[in-house]
Amino acid sequence: MKKYRGAQMTKKEYLKTGYVIKKRISIQEAILEEYKANLDNLKAINYSKDKLQGGHVQDDTLIIKKLNKIFEVEEKIKKLYDELTIFQDKVSEGIKTLNNYTEQQIITFRYFNNYPWEKIAEKIGYSKAQTYRLHGQALENLKISLNEIE
């Protein structure tokens, strides 16, 4: 099992990794949108209008810094999406090991779609209590390696 803050990570904790990665992506996308919105307020040098000789010449340092920040955040988002894809591929392989279609649905709805228990129960046609029980069985039957995501 994968070590998690000094303790062994359970399958359930590992499966929640996808949710955490999606949250991190969402946060970075919000930051990116804010940087882009702030970029609209900056003005670049217009060489066709601005004086090129004498007087004060506008400096593009601020716009370059902002653009670099945007590129950095876009790179973070790309890496997070790559991490999410690797994670989802690994979990998909584990889901294929489940013989019970209902168990496959529960794991998919919960850890890929991030559905609440009520919605999962409704989709599979069971009560919430039965869904919890089936989820526990699905976790026991799920064959997944809990190694670090590279």
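Is Lys78 buried, partly exposed or exposed, judged by its relative accessibility? Lys78 counts as partly exposed, because its relative accessibility is 45%, a value that lies between the 20% under which a residue is buried and the 50% over which a residue is exposed. The structure described here is a predicted model, and its protein chain has 150 residues, of which 30% count as buried. The points below move from the overall fold to the salt bridges, and then to the nonpolar cores.

**Overall fold**

- The protein chain contains 6 helices and 2 strands, and when these elements are read along the sequence they follow the pattern β-β-α-α-α-α-α-α.
- If one takes the contacts between residues at least 6 apart in sequence, 68% of them join residues that are at least 24 apart.
- The surface that the protein chain exposes comes to about 10,200 Å², and carbon and sulfur atoms supply 51% of that area.

**A salt bridge within helix 3**

- Lys78, the residue of the opening question, forms a salt bridge with Asp82 through their side chains, with a distance of 3.1 Å from N to O.
- Both Asp82 and Lys78 belong to helix 3, where they are 4 residues apart, a spacing of about one turn of the helix.
- Like Lys78, which has a relative accessibility of 45%, Asp82 counts as partly exposed, in its case at 37%.

**Salt bridges between helices**

- The whole structure holds 6 salt bridges, and one of them joins the side chains of Glu74 and Lys36 at 3.9 Å, N to O.
- This pair links distant parts of the chain, since Glu74 sits in helix 3 (residues 61–96) while Lys36 sits in helix 2 (residues 17–39), with their positions 38 residues apart in the numbering.
- Glu74 is partly exposed, with a relative accessible area of 33%, and Lys36 is also partly exposed, with a relative accessibility of 33%.
- In another salt bridge, the side chains of Lys128 and Glu118 meet at 2.7 Å, N to O.
- Because Lys128 lies in helix 6 (residues 128–141) and Glu118 lies in helix 5 (residues 117–124), this pair ties together parts that are 10 residues apart in sequence.
- Lys128 is partly exposed at a relative accessible area of 34%, and Glu118 likewise counts as partly exposed, at 45% relative accessibility.

**Nonpolar cores**

- In soluble globular proteins, nonpolar side chains tend to be buried together.
- The largest nonpolar core in this model has 18 residues, and the members that touch the most other members are Tyr14, Leu15, Phe87, Val91 and Ile107.
- Two or more residues of this core come from each of helix 1 (11–15), helix 2, helix 3, helix 4 (101–111) and helix 6, and the largest share, 5 residues, comes from helix 3.
- Another core, which lies apart from the largest one, has 7 residues, including Phe109, Tyr115, Trp117 and Ile120.

**A partly exposed leucine**

- Leu62 is a residue of helix 3, and at 48% relative accessibility Leu62 counts as partly exposed, so it does not meet the cut-off for a buried residue, which is under 20%.
- Leu62 and Leu39 are 23 residues apart in sequence, and the distance between them in space, from C-alpha to C-alpha, is 9.6 Å.

Notes
Residues are numbered from 1 along each chain as its sequence is written. This is a predicted model: local features need pLDDT of at least 70, side-chain atom pairs count only at pLDDT 80 or more; totals for chains, interfaces and linings use all residues. Side-chain values use heavy atoms; hydrogens and water are left out. A salt bridge is a side-chain nitrogen of Lys or Arg within 4 Å of a carboxyl oxygen of Asp or Glu. Buried means under 20% relative accessible area, exposed over 50%, partly exposed in between (1.4 Å probe, protein chains only). A nonpolar core is a set of buried Ala, Val, Leu, Ile, Met, Phe, Trp, Tyr and Cys residues joined through side-chain atoms within 4.5 Å. Contact means heavy atoms within 4.5 Å. Accessible areas come from the Shrake-Rupley method with a 1.4 Å probe; for residues, only the protein chains shown count as cover.
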